[in-house]
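User: I would like a close look at one part of this model, and at how that part sits in the chain around it. Please keep the explanation plain.

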Amino acid sequence: MKKIIVVVIIGLSVFAFLTSLWAHDVPVTGRWGTPGGVRFYTPAPPEVSVNGSTVSIHFVSPLSGLTISISDGSGIIYQTVVSSNGNNNYTYDLPWTGQPGEYQILMIHGMYGHMGGHFTIE
């Protein structure tokens with residue numbers, strides 16, 4: 001029984017490692033926080049990753065009302081407002097799947113600021 005448990009744990013660890021190799025993080029920059037530091041709590045900025053043609057937004061902290069825009073050279077091609085449903089470590093896969101090309105993502109929150117970055121779908 002112990003051997004089966006060890007094999008399952010090793011198998012899950014290898015699967016988690018390989019999954020992290022397939023997706024790549026999109027570096028984002030911008031202004032995030034509260035002006036003047038008036039609030040005691042500022043949620044961590046959302047993170048972006050791309051796995052194939054799927055773009056995922058990872059919320060480390062709960063956050064609601066985040067506007068996400070994806071654009072290419074011709075302008076905005078996808079826009080939506082998402083929330084983390086009050087959960088920590090929540091990942092939201094955008095229902096948009098892009099064609100091969102270069103894109104820009106912009107995340108805007110009315111209270112905390114904006115973050116943006118560039119990514120390529122091959």
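Analyst: S69 has a relative accessible area of 9%, and therefore counts as buried, since the cut-off for buried is under 20%. This is a value from a predicted model. S69 belongs to strand β5. Its side chain makes a polar contact of 3.1 Å with the side chain of Q79. Along the sequence S69 and Q79 are ten residues apart, yet their C-alpha atoms are 4.4 Å apart in space. Setting aside residues up to four places away in sequence, S69 touches I76, Y78, Q79, Q104, I105 and L106.

Strand β5 also holds S71. The relative accessibility of S71 is 15%, so S71 is buried too. Beyond its neighbours within four places in sequence, S71 is in contact with I76, I77, Y103 and Q104. I76 and Q104 are among the contacts of S69, and both are also among the contacts of S71.

One contact of S69, I105, leads into the largest nonpolar core. That core has 22 residues, and the members that touch the most other members are I57, L66, I105 and F119. At least two core residues come from each of β3 (47-51), β4 (54-59), β5 (66-72), β6 (75-82), β7 (90-97), β8 (101-109) and β9 (113-121). Strand β5, where S69 lies, is thus one of the suppliers of this core.

Two of these core members can be followed further. I57 is found in strand β4. With a relative accessible area of 0%, I57 counts as buried. Its contacts, leaving out neighbours within four places in sequence, are P46, E47, V48, L66, I68, Y90, T91, Y92, L94, I105 and M107. I57 and Y92 are 35 residues apart in sequence, with their C-alpha atoms 5.1 Å apart. F119 touches V26, V50, V55, I70, W96, G101, E102, Y103, Q104 and I105, again not counting residues up to four places away. I105 is therefore a contact of I57, of F119 and of S69.

A third serine, S84, sits in a loop, the one between β6 and β7. S84 is buried because its relative accessibility is 0%. The side chain of S84 reaches the backbone nitrogen of L63 at 2.8 Å. Outside the four nearest places in sequence on either side, S84 touches F59, S61, P62, L63 and Y90. Y90 is also one of the contacts of I57.

For contrast, consider the start of the chain. M1 lies in the segment before α1 (2-22). Its relative accessibility is 75%, so M1 counts as exposed. Together with I4 and I5, M1 forms a nonpolar patch on the surface, and the accessible area of the three is about 360 Å².

Finally, the whole chain. There are one helix and nine strands, and the order along the sequence is α-β-β-β-β-β-β-β-β-β. Of the 122 residues, 31% are buried. Among contacts with a separation of 6 or more, 54% are between residues 24 or more positions apart; I57 and Y92, at 35 residues apart, are in contact with each other. The chain exposes about 7700 Å², and carbon and sulfur atoms supply 61% of that area.

Definitions and conventions: Residues are numbered from 1 along each chain as its sequence is written. This is a predicted model: local features need pLDDT of at least 70, side-chain atom pairs count only at pLDDT 80 or more; totals for chains, interfaces and linings use all residues. Side-chain values use heavy atoms; hydrogens and water are left out. Patches are made of residues with over 30% relative accessible area and no salt bridge: like charges are joined within 9 Å, nonpolar side chains (Val, Leu, Ile, Met, Phe, Trp, Tyr) within 5 Å. Accessible areas come from the Shrake-Rupley method with a 1.4 Å probe; for residues, only the protein chains shown count as cover. A salt bridge is a side-chain nitrogen of Lys or Arg within 4 Å of a carboxyl oxygen of Asp or Glu. Helices (H or I, at least four residues) and strands (E, at least two) are DSSP runs, numbered from the N terminus. Buried means under 20% relative accessible area, exposed over 50%, partly exposed in between (1.4 Å probe, protein chains only). A nonpolar core is a set of buried Ala, Val, Leu, Ile, Met, Phe, Trp, Tyr and Cys residues joined through side-chain atoms within 4.5 Å. Contact means heavy atoms within 4.5 Å. A polar contact is a pair of N or O atoms within 3.5 Å; within protein, one must be able to donate a hydrogen and the other to accept it, and residues adjacent in sequence count only if both atoms are side-chain atoms.
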